[in-house]
Amino acid sequence: MTRRPIHARVQSGGGAPDDDAADAVRHAFALWASGVAVVTARDDDGRVYGMTVAALAPVSIDPPLVLACIHNDAPLASVLLPGVACGMSILTEGQKRAATTFADRFTVPGDLLVDEGDVPVVADAAATLLGTVDRVYDGGDHRIAIVRVEHVSASQPELPPLVYWRRGYRRLEPQD
């Protein structure tokens with residue numbers, strides 16, 4: 001079987017993809033099902049910031065590292081810097097409200113968060129990971145935060161996850 005290379009159309013000079021290529025990439029990733037999480041942190045004045053992410057992935061087990069992609073324009077991006085403590089809450093299918101709330105970049109956390117130690121996390125999440133931002137990399141219109149995980153709790157492991165697919169929240173149907 002012959003493999004053909006994939007060529008994305010980009011503007012000359014290494015600029016941003018043209019509209020057609022950007023739309024093609026958006027469409028392709030709409031077909032990628034992913035779990036949903038909320039990343040949270042406090043700034044130096046104690047204000048809480050949070051953002052819904054679908055780009056959360058394990059990087060390493062030893063040492064325990066996780067990556068989270070944060071849009072450059074999100075208020076959380078200016079807070080999620082090396083040395084900052086943060087929380088990552090993996091959501092259950094019953095937490096669509098939390099996912100929707102934190103998808104708004106100007107959200108006020110309200111009653112959805114609790115403190116685990118000194119770190120805000122989503123209450124009743126399937127699992128929470130607490131850690132410290134180790135490094136932050138440029139990722140185009142996003143920042144890639146590498147977080148060293150220091151504590152994990154799974155308070156709702158039996159509940160199905162909240163899944164994002166085709167630009168909407170979905171349920172997983174159990175297979176017999």
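How many helices and strands are there in the protein chain? There are 2 helices and 12 strands. Keep in mind as you read on that this is a predicted model.

## Overall layout

Going along the sequence, the protein chain runs through the pattern α-β-β-β-β-β-β-α-β-β-β-β-β-β. So much for the order of the elements; now for how the chain packs against itself. Take the contacts with a separation of 6 or more: 62% of them are between residues 24 or more positions apart.

The protein chain has 176 residues, and 34% of them count as buried. About 11,000 Å² of the chain is exposed, with carbon and sulfur atoms supplying 54% of that area.

## A nonpolar patch on the surface

If you are looking for greasy surface, try V25, F29 and W32, which together make a nonpolar patch of about 390 Å². V25 sits in helix α1, which covers residues 19-30. The relative accessible area of V25 is 47%, so this residue is classed as partly exposed, under the 50% that "exposed" calls for.

## T52 and its surroundings

Now for a residue on the inside. T52 belongs to strand β3 (residues 48-53). Its relative accessibility is 15%, and because the cut-off for buried is under 20%, T52 counts as buried.

What does T52 touch, leaving aside its neighbours within four places in sequence? The list is V36, A37, V38, A98, A99, F102, A103 and Y169. With A99 there is a polar link too: a polar atom of the T52 side chain lies 2.6 Å from the backbone oxygen of A99.

## The tyrosine pair

Y169, one of the contacts of T52, turns up again here. Searching the whole structure for aromatic pairs gives 1. The partners are Y164 and Y169, with ring centres 5.3 Å apart and planes at 65°; planes over 60 degrees apart count as edge-to-face, so that is the label for this pair.

Both tyrosines come out as partly exposed: Y164 has a relative accessible area of 31%, and the value for Y169 is 22%.

## Salt bridges

The whole structure holds 6 salt bridges. One of them joins the side chains of R42 and D115, at 3.0 Å from N to O. This pair ties together distant parts of the chain, 73 residues apart: R42 is in strand β2 (residues 37-42) and D115 is in strand β7 (residues 113-116). R42 is partly exposed at 27% relative accessible area, and D115 is partly exposed at 46%.

Two others are worth a look. R135 bridges to D134, with the closest N and O atoms 3.2 Å apart; R135 is partly exposed at 35% and D134 is partly exposed at 28%. There is also a network, in which salt bridges with shared partners join D43, D45 and R47. Within it, R47 and D45 have their closest N and O atoms 3.4 Å apart. Is D45 buried or exposed? At 61% relative accessibility D45 counts as exposed, while R47 is partly exposed at 46%.

## Backbone oddities in the loops

Most residues other than glycine have a negative phi, and most peptide bonds are trans. A few spots in this chain go the other way. The peptide bond from D62 to P63 is cis, with omega near 5°. You'll find P63 in the loop between β4 (56-60) and β5 (65-71).

Which phi value does D124 have? It is near 60°, which is positive even though the residue is not glycine. D124 lies in the loop between β8 (119-122) and β9 (127-139) and is exposed, with a relative accessible area of 54%. R167 also has a positive phi, near 60°, and is likewise a residue other than glycine. Its place is the loop between β11 (163-165) and β12 (168-170), and at 54% relative accessibility R167 counts as exposed.

Key. Residues numbered from 1 in each chain as written. Predicted model: local features only at pLDDT ≥ 70, side-chain atom pairs only at ≥ 80, totals over all residues. Heavy atoms only, no water. Phe/Tyr/Trp six-rings, centres within 6.5 Å; stacked < 30°, edge-to-face > 60°. Buried < 20%, exposed > 50% of the residue type's maximum accessible area, 1.4 Å probe, protein only. Patch = residues over 30% accessible without salt bridge, like charges linked within 9 Å, V, L, I, M, F, W, Y side chains within 5 Å. Areas by Shrake-Rupley, 256 points an atom, 1.4 Å probe, with all protein chains shown as cover. Salt bridge = Lys/Arg side-chain N within 4 Å of Asp/Glu carboxyl O. Helix = DSSP H or I, 4+ residues; strand = E, 2+ residues; numbered from the N terminus. Polar contact = N/O pair within 3.5 Å; in protein donor to acceptor, adjacent residues only side chain to side chain. Contact = heavy atoms within 4.5 Å.
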